[in-house]
Amino acid sequence: MKNYTCHFSMLVAIMLLIISCSSPEDITPDPVNDDREYIPLKELFKDHFPIGAAVTPNHMDSRTPHGRTLIEHFNSLVAENVMKPDALQRVKGTYTWTNADRIVQFAKENDMKVRGHTLTWHSQTPDWFFYDENGDLHTPEVAMKQLEEHITTVVSRYKGDVYAWDVVNEAMFDWDPNGQIIYREDSPWYKIMGPAYIDSAFVYARRADPDAKLFYNDYNSIFSWKRNKIYDLVKRLKDNNIPIDGVGLQGHWNVGVSEQDIRTTLDLFRDLGVEIQITELDLSVYLSSDEPGSEVYTDAFNLRQKIAYPMIMKILLDYSDIITGVTFWGIGDDVTWLDRPGRRHFPFLLDEQLKPKPAYLEVQKLIRR
Ligand code: GLA
């Protein structure tokens, strides 16, 4: 798992402040999971932005609980894995479309949008993209040609079906408070040709589908050390007429996430004139990685999410003029990439039974008073 760096003491202080500012009568008492009380997420936010979920092909069946939940609550899908380079072109020149097609088909049948994730990444990308048969890095010419071929083939296939692509994922170096290291230099893409691959990827994607929205997507993007690098990158791309439409803030956050960090980030990117999407939202119940793990959803977790989730969604509503999509990185608390034995994260608005959690009804109050 990535190191989602947290300043523990700062987060605890923020959390205490949030809790002390919320009067108990603001918070709906539990139990609140009366099915008749909730409005499906996509209805709730219909005047603001589409609500998406990351899915696997197995979810694409309306007879299953996950399929039904997707149809009820979501109007946008993203493939959790099956549109990544290793899924689509594991072997050079041999494309495997079945799984990705299933997601696109289900979305069409149920009137949902599809985000494409992801075209260019250092991870989940087969070695042949980077290395020759001797294990040496390709020349920039060879690597670029292969990237162009991949992007052109994939984007062309889903032209008109996928409305937005994460063209480049996680190209910036994550932790560097002094701002000396800009790019993720251990990425084979970077090793082969420096940052030029980023520019080219956007150009190839635009050529293949001039109507698709093109995004740069990254994590930890609300923290100053990273958001400034992303800002500089996007500014450079725009100044050089490289076609980029938006920035994806992944949104792998926890319940201590700072309101100010999110607002400052949105203000910064607003100045660039790009759209913003929250692309991989999941809100861990822990304040830090030091906090002991739990297998059960405790009252404390419940309270934390009842405060943090509406705080986040209120910000997103406040910025809905630039936010064009909010996608959760999963559906309900039964499955999340974050969970480990003894440490479950319960990061969504829907619980393990795919029912609205108390935090959900707090979010609902933002719109339905
Ligand atoms: C990153 C990637 C996603 C996914 C998550 C973890 O955020 O962009 O594709 O791999 O990590 O599941």
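Hi everyone. Let me begin with one term: a residue is called buried when its relative accessible area is under 20%, exposed when that value is over 50%, and partly exposed in between. Keep that in mind, and please remember that what we are looking at is a predicted model.

Let's use those words straight away on a pair of charged residues. Are K226 and D174 buried or exposed? Both K226 and D174 are buried. Their side chains form a salt bridge, with a distance of 2.9 Å from N to O. Where do the two partners sit? K226 belongs to helix α9, residues 224–239, while D174 is in the loop between β4 (164–169) and α7 (188–193), so this salt bridge ties together parts of the chain that are 52 residues apart in sequence.

Now for another pair, D321 and R270. Here the side chains meet in a salt bridge at 2.5 Å, again taken from N to O. This one also links distant parts of the chain: D321 is in the loop between α11 (299–318) and β9 (323–328), R270 is in helix α10 (residues 259–272), and the two are 51 residues apart. D321 is exposed, with a relative accessible area of 55%, whereas R270 comes out at 31% and so counts as partly exposed.

A third pair is D61 with R63, whose side chains make a salt bridge with 2.9 Å between N and O. R63 is exposed here, at 69% relative accessible area.

Why do such pairs form at all? Side chains of opposite charge can pair when their charged atoms come close. There is also a network of salt bridges that links E259, R263, K314 and D318. And if you are wondering how many salt bridges there are in the whole structure, a search finds 22.

Let's move to the ligand. Which residues are closest to it? Twelve residues surround the ligand, and the closest are K84, H117, N169, Q250 and E280. Sorted by class, that shell holds three nonpolar, five polar and four charged residues.

What about individual contacts? E280 has a side-chain N or O atom 2.5 Å from an oxygen atom of the ligand. For H252, the distance between a side-chain N or O atom and a ligand oxygen is 3.1 Å. W329 joins in as well, with a polar side-chain atom 3.3 Å from an oxygen atom of the ligand. On its own the ligand has 300 Å² of accessible area, and the protein covers 91% of that.

That's my tour for today. Thanks for listening, and I'm happy to go back to any of these residues on the screen.

Conventions
Residues are numbered from 1 along each chain as its sequence is written. This is a predicted model: local features need pLDDT of at least 70, side-chain atom pairs count only at pLDDT 80 or more; totals for chains, interfaces and linings use all residues. Side-chain values use heavy atoms; hydrogens and water are left out. A residue is near a molecule or strand if one of its heavy atoms lies within 4 Å of it. A polar contact is a pair of N or O atoms within 3.5 Å; within protein, one must be able to donate a hydrogen and the other to accept it, and residues adjacent in sequence count only if both atoms are side-chain atoms. Accessible areas come from the Shrake-Rupley method with a 1.4 Å probe; for residues, only the protein chains shown count as cover. Ala, Val, Leu, Ile, Met, Phe, Trp, Tyr, Cys and Pro count as nonpolar, Asp, Glu, Lys and Arg as charged, and the others, Gly among them, as polar. A salt bridge is a side-chain nitrogen of Lys or Arg within 4 Å of a carboxyl oxygen of Asp or Glu. Buried means under 20% relative accessible area, exposed over 50%, partly exposed in between (1.4 Å probe, protein chains only). Helices (H or I, at least four residues) and strands (E, at least two) are DSSP runs, numbered from the N terminus.
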